[in-house]
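Reader: Please take a close look at the space left open or enclosed inside this model, and at the parts around it. Give the cut-off behind each term as you use it.

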Amino acid sequence: MTAATPDSFDLLEATVADVHAAMEAGEVTAEALVERYLDRIDRYDDELNAVLTLNSSARERARDLDRRHEADGPVGPLHGVPTLVKDNHDTADMATSAGCTALADSRPPRDAFVVDRLRDAGAVILGKTNLQELSFGVDTISSLGGETRNAYSRSHRPSGSSGGTAVAVAANLATLGTGSDTCSSVRSPPAFNACVGVRPTRGVVSRTGIVPLSLTQDTAGPITRTVGDAARMLDAMAGYDPADPVTARGADAVPDGGYVAHLDPDGLAGARIGVARQFFGTRGEPDDGREDRAADAAAVTAVVDDAIATFESAGATVVDPVEVVDLGKLESARVLTYEWARDFARYLAEIGDAAPYDSLAEVVETGAVAESIAARIEESGALDVDPAAVDGDPDYLRRLRRREELRDETLATMVENDLDALLYPPSRVPPVEIPAHQPFEELNCELSAHTGLPSIVVPAGTTDEGLPVGVELLGRAFAEPRLFELASGFERVADPRSPPADIGPLE
């Protein structure tokens with residue numbers, strides 16, 4: 001292989017395919033790529049605060065991959081690709097803190113299943129990203145990492161809880177990133193940072209080794225700059241995990257040739273898209289000091305309406321509007337406060353001696369949790385729930401049954417209208433200005449989270465203030481291939497992503 005020079009490959013907005021083409025041409029090595037991303041993190045992350053921990057093993061991993069590439073070619077579809085993972089994914093070579101100072105020294109003895117899959121595919125785990133502490137909320141604030149700032153406006157929120165990953169990927173601090181989604185976290189942060197995020201169907205991706213919030217809703221998912229890279233990541237992350245029986249549902253869901261086989265530049269031709277207008281416009285009261293919530297919602301609607309016109313111009317039939325579910329019923333299916341303490345205690349028991357505490361209550365009682373998150377935890381009532389009694393709680397069981405009804409109702413709507421996907425904004429309002437907190441009630445996260453149906457978020461454009469807006473497509477169960485067709489078709493026509501103007505190449 002020709003010796004690479006550090007500046008012979010333009011890594012800004014580089015895709016996996018770009019990286020591999022450059023490696024084959026001798027323009028870059030995995031080691032040189034790692035060094036250049038580390039240089040960018042050193043230069044830009046002080047103002048973004050997106051990266052929580054760097055992996056001291058990344059350089060040696062990259063050197064080993066370069067040796068193996070020279071001897072035998074690439075080891076897998078993500079060979080040598082620098083990847084950041086959210087710091088609620090267990091990593092055997094780094095601590096896993098969930099952004100919590102009280103867990104700063106927690107070092108589980110094994111990788112999360114999805115991290116192991118990424119490494120098997122050849123990825124270099126560059127480090128771990130900041131998140132909303134314990135994943136509880138949508139600001140990306142943690143006691144260990146502080147506040148992460150939007151890649152497109154440092155005065156605005158990035159959303160959460162996977163805000164660190166979305167900001168880092170948007171700012172070209174890594175090629176790829178992972179998030180996890182209980183309700184919004186691989187969707188609103190990508191939307192707020194002009195990235196792509198995928199929440200897979202429940203059962204496609206394992207939850208093993210991911211610090212839980214609500215196991216019946218939790219899932220990991222890719223956060224990338226392009227639809228193609230999201231497909232490549234999901235190909236690597238998906239798979240049956242004997243330690244997580246729910247993945248048996250998705251064991252046969254990955255199509256022949258992988259999700260990448262469904263990247264179609266003409267994917268919108270003949271498609272039918274239903275616009276869920278009930279998820280547009282403001283819902284919450286202006287309780288955060290902002291009196292212009294309705295105007296903010298109108299700004300988002302304008303961008304999404306332009307995207308809808310693009311869908312039509314590319315050959316899709318748009319059914320507008322489509323009434324999907326009763327919003328009160330959707331809200332009444334929330335189970336997070338029932339499950340959190342139970343699932344968190346089980347996770348701590350699984351990692352054994354690596355866990356410094358035995359329960360969520362013990363972690364909160366340390367007083368180390370960031371003030372705004374601690375207040376939300378207290379307000380939520382999660383600490384008042386007896387973990388041992390949850391499984392038999394009648395209200396909890398009613399909520400689980402309600403979610404099954406919501407899934408069936410949503411699928412019935414799609415069948416009756418012959419729809420490939422439902423379309424709506426991931427958030428009804430744009431990023432809010434710090435120190436205001438992003439209003440959870442304005443996020444449209446619950447339809448996918450409560451039904452377990454898959455969705456993909458792609459950049460749709462920006463408001464007049466230059467704040468990114470995304471569009472979300474929700475599909476039928478295990479219909480990720482169709483979602484990738486639709487999203488790649490829209491991406492080709494709209495070409496909606498531009499990198500942050502003030503986070504450019506290094507000198």
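**Helix ends, pockets and cavities**

Author: Glycine 239, just after helix H7, takes a positive phi of about 155° (helices, H or I of at least four residues, and strands, E of at least two, are DSSP runs numbered from the N terminus). The model is predicted, so local features need pLDDT of at least 70 and side-chain atom pairs count only at pLDDT 80 or more, while totals for chains, interfaces and linings use all residues. Residues are numbered from 1 along each chain as its sequence is written, and side-chain values use heavy atoms, with hydrogens and water left out.

H7 itself spans residues 227–237, and nine of its eleven residues are buried, so the helix is largely enclosed by the rest of the structure (buried means under 20% relative accessible area, exposed over 50%, partly exposed in between, with a 1.4 Å probe on protein chains only). The buried set runs Val227, Gly228, Asp229, Ala230, Ala231, then Met233 and Leu234, then Ala236 and Met237.

Next, the open space. The largest pocket holds about 910 Å³ (a pocket is an open set of points on a 1 Å grid over the protein atoms alone, with protein on both sides within 12 Å along at least five of seven lines; a cavity is a set where a 1.4 Å probe fits but cannot get out; lining residues have an atom within 4 Å of a point). Its lining comprises 36 residues, and Phe136, Gly137, Arg376, Ser380 and Phe440 lie nearest the centre. Strand E6 (176–181), helix H10 (336–350), helix H12 (371–380) and helix H14 each supply at least two of the lining residues. H12 has the largest share of that lining, with five residues. By class the lining of the largest pocket has ten nonpolar, 14 polar and twelve charged residues (Ala, Val, Leu, Ile, Met, Phe, Trp, Tyr, Cys and Pro are nonpolar; Asp, Glu, Lys and Arg charged; the others, Gly among them, polar).

The second largest pocket has about 330 Å³ of space. It is lined by 15 residues, of which Arg202, Arg249, Arg407, Thr451 and Gly452 are closest to its centre. Helix H13 (394–416) and H14 each give at least two residues to this lining, and H13 gives the most, four. The classes are five nonpolar, five polar and five charged.

H14 thus contributes to the linings of both pockets. Asparagine 444 is in the loop between strand E11 (421–424) and H14 (446–451). At 3% relative accessibility, this asparagine counts as buried. Beyond its neighbours within four places in sequence, asparagine 444 is in contact with Arg187, Phe279, Tyr424, Pro425, Pro426, Ser427, Arg428 and Glu472 (contact means heavy atoms within 4.5 Å). Alanine 355 is 89 residues from asparagine 444 along the chain, and their C-alpha atoms are separated by 34 Å.

Last, the enclosed space. There are four cavities of 30 Å³ or more, and the largest has a volume of about 50 Å³ (grid points are joined across faces, edges and corners, and a volume is the space filled by probe spheres set on the points). The residues lining the largest cavity are Ser180, Ser206, Arg207, Ile210, Val211, Pro212, Leu215, Asp218, Thr219 and Ala220. That lining divides into five nonpolar, three polar and two charged residues.
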